[in-house]
Structures are given as C-alpha cells and as structure tokens.
Amino acid sequence: MAIDYQERIPNNVDLASDRGLQRALEHWQPRFLQWWREMGPTDFQSADVYLRTAVSVDREGWASFGQVKMPDYRWGIFLAERDPDRVIGFGDEMGKPAWQQVPGELRSTLRRLIVTQGDTEPASVEQQRLLGLTAPSLYDLRGLFQVNVEEGRHLWAMVYLLHAYFGRDGREEAEELLHRHSGDEDKPRILGTFNEPISDWLSFFMFTFFTDRDGKYQLKSLAESAFDPLARTCQFMLTEESHHMFIGHTGLARVTKRTLEVMNELRTEDPEAVRRAGAIDLPTIQRYINFWFSSALDLFGSESSSNAALYFASGVKGRPDEASFADHSALNQTFALEAPDGRGGVSVDDIPLRNAMNETTRAAYAEECELFMQRWNAMIGAAGFSFRYTLPSRRFRRSIGVWAGAKVSPQGQPISADAYEAGLRQWLPTSEDRAFVHSLMKPVTDPGKVAAWIAPPDRGINGLPIDYEYVRLA
Ligand code: BYC
C-alpha cells in the first residue's frame, strides 16, 4: 500500500480505516512533538536541514530528499509489504502461518520486547541532544539530524505496534516511552548504554558504529519474528538504519585518516605530538573503542538466557538471517559456554543452544566489528605505522551476563582486582583524554569546511557536492 502523505500521520497501514487507533495516535502525536522540542536537538529547530524522508517501502526509490525544518519532518508509520503466505521460520511453531495478532500467552513477552526496542530510540536522541553545537562540518551536522529524526520515526514504529495490538497497556507503555529519559536518576532508559552521555563527536561516531550495529542485529532478529506486524516494521527500519552505521564507520575512518595525515607530516607515532597538532592520537581512539564496544556487548543480554530460549522456541524472536542456518529448531544441540570458574580461571559448560542465542548473536556482531578494525588497520599499515586497533575480548568490562563484574584484561585473561583497577586507566578513556577530545569540539559552519581533527567525507549526500549547504542555519 502506498504511503498517504495527506494524512496527519503519514502511513501505509490504512490508518484511516481504524478511527479508534487513528484517534489514539493523533492524541499521542502532540506529546511526541513536545518531547521532541524539549528533549530533541537543541537550538536548530528552525534551521532548514537537507533530510531524507521515507516516501515508499519499495527497495528502490524509497526516500525523497529536501530542506525540512526538523519539527516539520513527516514522522509516520511504514511497514514492509505483507507476504500473505509467510510462515514461521524457526522454533517449535515452525511452518505454521505467521501471526497477524498477538497470541494471548505471549502478550507480555512481546510487549516487553517492543518496549525495550522502542525505549532505545528516543534515548539516543536525548543522548545526542547537544552535539549539534559542536559539529565538525555542516555535512556532519546534517548526518546527526538525519539520525535523530529517523530514531524518532523508529519510536513511532514501536508506538504504532503498542497502540494497535496491546490495547490500554500498550497506550500506557507508549506514554512511558516519553517519560523515561537518558541518564535520569529516577526514570532512566532501560538498557545501560542508552544512559551514557554522548558529549563529543568521537563518542557519536563510536555510538553509531557500535551501538547502532547492535540495533541492526536486534532488528534483524525481530524481523524474523512470527508476529508479522513486528517483523514487517523491523524490516523497514533496517533500511533506514544502514545509513546510521555508515555515519559511524565513515566517521571513524575519517578521524583515523586525519590522524595518519598528521602522523605522516610529523613522521611520529608520539601521541602527545599528534595532540599538539590538533588530531586525536590512535591510542585515545583505541580507548574509546574499548569503552563503546564493551558497553554495546551488554546490549545482547546474558550468554545463557532462559528468556532467549523462550523467545526462540515460541517464535517471538529469531536469529539474524535465520534462513542462513541449516537447522531452525536448535533443539538437541549444545553450546560450549565459557564462564569464570570462581577460582581465577575459566570453566566451559555445555548449555542448550536455545539458551545461547544471545551469545550466538553477540559473536556474529563482534565478527562484523572486527572486519572494520582490519580495514582501518590496513589504512594504518599503508601509512607505514605499526599501531593496530584491536577489539577487546567479549569478556572485558561486562555488566550483564556470566562475565559481569569479572576482572578480565582486554585480552580476556582473568586478572587480580588490583591489576584490573590499574589497567583500566590505560584501557579506557581517562578524564584527560575526554578533556582533550572535548577541547577539539569547536563548531565549523562554513559550507565545505571541516574541523582539523577529522578528514572531509569522500563524497556528499545524494550526489550533492561536499560544500553544499546541508544545514541552513537560521
Ligand atoms: N541493560 O535473559 P537476559 C537500537 C535485562 S539497539 C539493562 O540476559 P534477554 C538502537 C533483560 O531485559 C537495540 N538490562 O536478557 C541503537 C532482562 O530483564 P527482565 C535495542 C538488561 O531478555 C542505537 C534481564 O536483564 N533492541 O535499536 O535475553 C540508536 C535478564 O536478561 C540488559 C533490543 O534490545 C542491559 N544491557 O535479552 C537507537 C531488542 N541486558 O525482562 C536504537 C529488544 C539484559 O527479566 N530486547 N537486561 O526484566 C531484547 O531482545 C532483550 O530484552 C535483550 C536482553 C537482548 C536486551
């Protein structure tokens, strides 16, 4: 079904035919806008921003581009096309028709997953609220706002499901999504990483690289769901999400490129010399990687999870790219789970594979992150330097799961509490590192100009030149 832009709420779910649902969502809409004004990007609400807006859910030509003031962005409800023959692809219900309604016994399970997913979307907008004030270029400023409006749309996607399929409970949860806030002492966001402040652009690129990539893996798992409206919602969200990760990986590549240029000019690997020249030294970038990667790993949940087993068995949540697995029941198989043995060593226990779904997904995620490390290391090697980025072990600095609180080095070795405390000062960004990175955060607002700590992008957006005025500051 085409997207109707004449509607107050653009949608391709025939909202007009369900007056009750339409009224409920129109009631939520002004609250969302109020939240956007109070908790969304500061200062730039009246600027014209070159934004893409979803206009169709076809793979080709799904978006249009144009100058839009952010509060006028057409947030709407878009689900991928329905396949009337779709059957459940995994678990105990495999082969049966996908559900068009929520099965009663899975209602609270599905609601909790949708609320958790929905909670991350506005959380990220809140975390990034002040970043516009220090953007390294108009190109980057536009990238930030594109991510922000689309995370707002992803909130709409989850709120639609809550309103349409979960009755009064769903409406209450939709209200709560606007009342919890990132970092709020009394009402924080649900998942840990979404309460970490993002106060500099290096952290923003780390977040869009590592945390948005968790989003990709979670959305891919939910896109397999037997609950068809959830699956179709997540399929379309993934289309938008890939640009967020693009901002992350190209951002980090540009920071590395600029640092290498400075290292080459000075013929030095000395971090202090690099800093004096106004670029971010590679060891500091590594410490940010250690911080954000370990924080993102927690988002996959515990290595051994009865929740995950239930999600898989019932068909609520699958594995990313479930079709690529040979066996979709995951029964009578085990997973060798490594955990601290309580005596300073590591134990290995076989657990049912269904309980290990979180760890299976986390491992696939880590492998994808590793590919980018190798790509950037090739850049460093080609520039003639010996430094290499490494991802810390999946056991390092964990707060969730079997390694939570364990004293482990970035290489994954259990170590003494003293060695761990001392090591953290070398492994994670120090207050001096953060102060240095913050000192570089000066806005650059001339079209085509870019801050000195980051290389310009390779190309502009949608075929436009790099010096296009991507944000017209009011
Ligand atoms: N922090 O059995 P367990 C994105 C809770 S990012 C706090 O191990 P389960 C985006 C857990 O909820 C993707 N609590 O967990 C990116 C459970 O609590 P309850 C977001 C945590 O259920 C950038 C208890 O611990 N989407 O889209 O197997 C910008 C036992 O846990 C954490 C989703 O997460 C944590 N890190 O799996 C914008 C998908 N981890 O229920 C957007 C939906 C676990 O016993 N969520 N807990 O009270 C899920 O699929 C699952 O809830 C999780 C956890 C994967 C998060």
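Which residues come nearest to the ligand, of the 30 around it? They are Gln117, Ser302, Ser305, Lys317 and Asn358, where a residue counts as near if one of its heavy atoms lies within 4 Å.

A quick note on the basis. This is a predicted model, in which local features need pLDDT of at least 70 and side-chain atom pairs count only at pLDDT 80 or more, while totals for chains, interfaces and linings use all residues. Residues are numbered from 1 along each chain as its sequence is written, and side-chain values use heavy atoms, with hydrogens and water left out.

## Around the ligand

Here are some polar contacts of the ligand (pairs of N or O atoms within 3.5 Å):

| Ligand atom | Protein partner | Distance |
|---|---|---|
| nitrogen | Gln117, side-chain N or O atom | 2.6 Å |
| nitrogen | Gly192, polar backbone atom | 3.3 Å |
| oxygen | Tyr311, side-chain N or O atom | 3.1 Å |

On its own the ligand exposes 1000 Å², and the protein buries 82% of that; the areas come from the Shrake-Rupley method with a 1.4 Å probe.

As for who builds the shell, helices H2 (107–127), H5 (201–222) and H9 (306–314) each supply at least two residues. H2 gives the most, with seven residues. Helices here are DSSP runs of H or I with at least four residues, strands are E runs of at least two, and both are numbered from the N terminus. By class, the shell has ten nonpolar, 13 polar and seven charged residues. In that scheme Ala, Val, Leu, Ile, Met, Phe, Trp, Tyr, Cys and Pro are nonpolar, Asp, Glu, Lys and Arg are charged, and the others, Gly among them, are polar.

## The strands

Three strands make an open sheet, ordered E2-E1-E5 with antiparallel pairing. Its edges are E2 (63–69) and E5 (471–472), each of which pairs on one side only. Two strands pair if DSSP finds at least two bridges between them. Strand E1 (residues 48–54) joins E2 through seven antiparallel bridges, and Val49 stands opposite Val68 in E2.

Then there's a hairpin: E3 (residues 334–340) and E4 (residues 346–352) run antiparallel, joined by seven bridges. Ala339 has Ser347 of E4 as its bridge partner. Five residues lie between E3 and E4, and Gly342 in that turn has a positive phi of about 85°.

Methods
A polar contact is a pair of N or O atoms within 3.5 Å; within protein, one must be able to donate a hydrogen and the other to accept it, and residues adjacent in sequence count only if both atoms are side-chain atoms.
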